[in-house]
Amino acid sequence: MTEPPPHDPAAVALELERLRAAVEVGFARVDGSLALLVQRSDQTDKQLADHETRLDELERARWPLPSLAALLAVAGLFVSIWQATTTR
């Protein structure tokens, strides 16, 4: 089988068709990869939002602890002062 001359319109059309098919396959592969990345990004965003919600709940639940510690310290100070003044 002999090669057609390079300026043969049928040969050029055949090579262009092969190139178009290769480009379509490449675009399909890139499109699939991008869809996967978008899906992973959405999952990461959901996880981040969930973690932020849980962290906010934990922060709200622990706010009284420092206040209670300070209140108990002040109460302990008053009790010790009261005991010191009543024992004399």
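## Exercises on a predicted helical chain

The side chains of E24 and R20 form a salt bridge, with 2.3 Å from N to O. Keep in mind that this is a predicted model.

**Exercise 1.** Find out how far apart E24 and R20 sit along helix α1, and which residues their salt-bridge network joins.

*Solution.*
- Start with the spacing: E24 and R20 are both in helix α1, four residues apart, about one turn of the helix.
- Now look at R20 again, whose side chain also meets that of E17 in a salt bridge (2.4 Å, N to O). R20 and E17 are three residues apart in helix α1, again about one turn.
- Check the exposure: E24 counts as partly exposed at 45% relative accessibility. R20 is partly exposed too, at 41%, and E17 likewise has 41% and counts as partly exposed.
- Try another bridge in the helix: R54 and D50 pair up at 4.0 Å, N to O. They are separated by about one helical turn because they are four residues apart in helix α1.
- Back to the network: salt bridges with shared partners link E17, R20 and E24 into one.

**Exercise 2.** Decide whether F27 is buried or exposed, and name the surface patch it belongs to.

*Solution.*
- Locate the residue: F27 is in helix α1, which covers residues 9–62.
- Use the cut-off: exposed means over 50% relative accessible area. F27 has 61%, so F27 is exposed.
- Look at its partners: V12, L16, L19, V23 and F27 make up a nonpolar surface patch, with about 480 Å² of accessible area together.
- For contrast in character, try a charged patch: E52, D56, E57 and E59 gather in one of negative charge on the surface. E57 also has its place in helix α1, and counts as partly exposed at 46% relative accessibility.

**Exercise 3.** Work out how the chain's radius of gyration compares with that of a compact globule of 88 residues.

*Solution.*
- Take the secondary structure: two helices and zero strands.
- Compare the radii: a compact globule of 88 residues would come out near 12 Å, but this chain has 38 Å.
- Add the spans: the C-alpha trace covers about 120 × 15 × 15 Å along its principal axes.
- Pick a pair of residues: A49 and A84 are 35 residues apart in sequence and 54 Å apart in space, C-alpha to C-alpha.
- Finish with burial: 1% of the 88 residues count as buried, and the chain exposes about 8200 Å², with carbon and sulfur atoms supplying 66% of that.

How values were computed. Residues numbered from 1 in each chain as written. Predicted model: local features only at pLDDT ≥ 70, side-chain atom pairs only at ≥ 80, totals over all residues. Heavy atoms only, no water. Rg over C-alpha atoms; globule rule 2.2 N^0.38 Å. Buried < 20%, exposed > 50% of the residue type's maximum accessible area, 1.4 Å probe, protein only. Areas by Shrake-Rupley, 256 points an atom, 1.4 Å probe, with all protein chains shown as cover. Patch = residues over 30% accessible without salt bridge, like charges linked within 9 Å, V, L, I, M, F, W, Y side chains within 5 Å. Lys, Arg positive; Asp, Glu negative; His and termini not counted. Charge placed at Lys NZ, Arg CZ, Asp CG, Glu CD.
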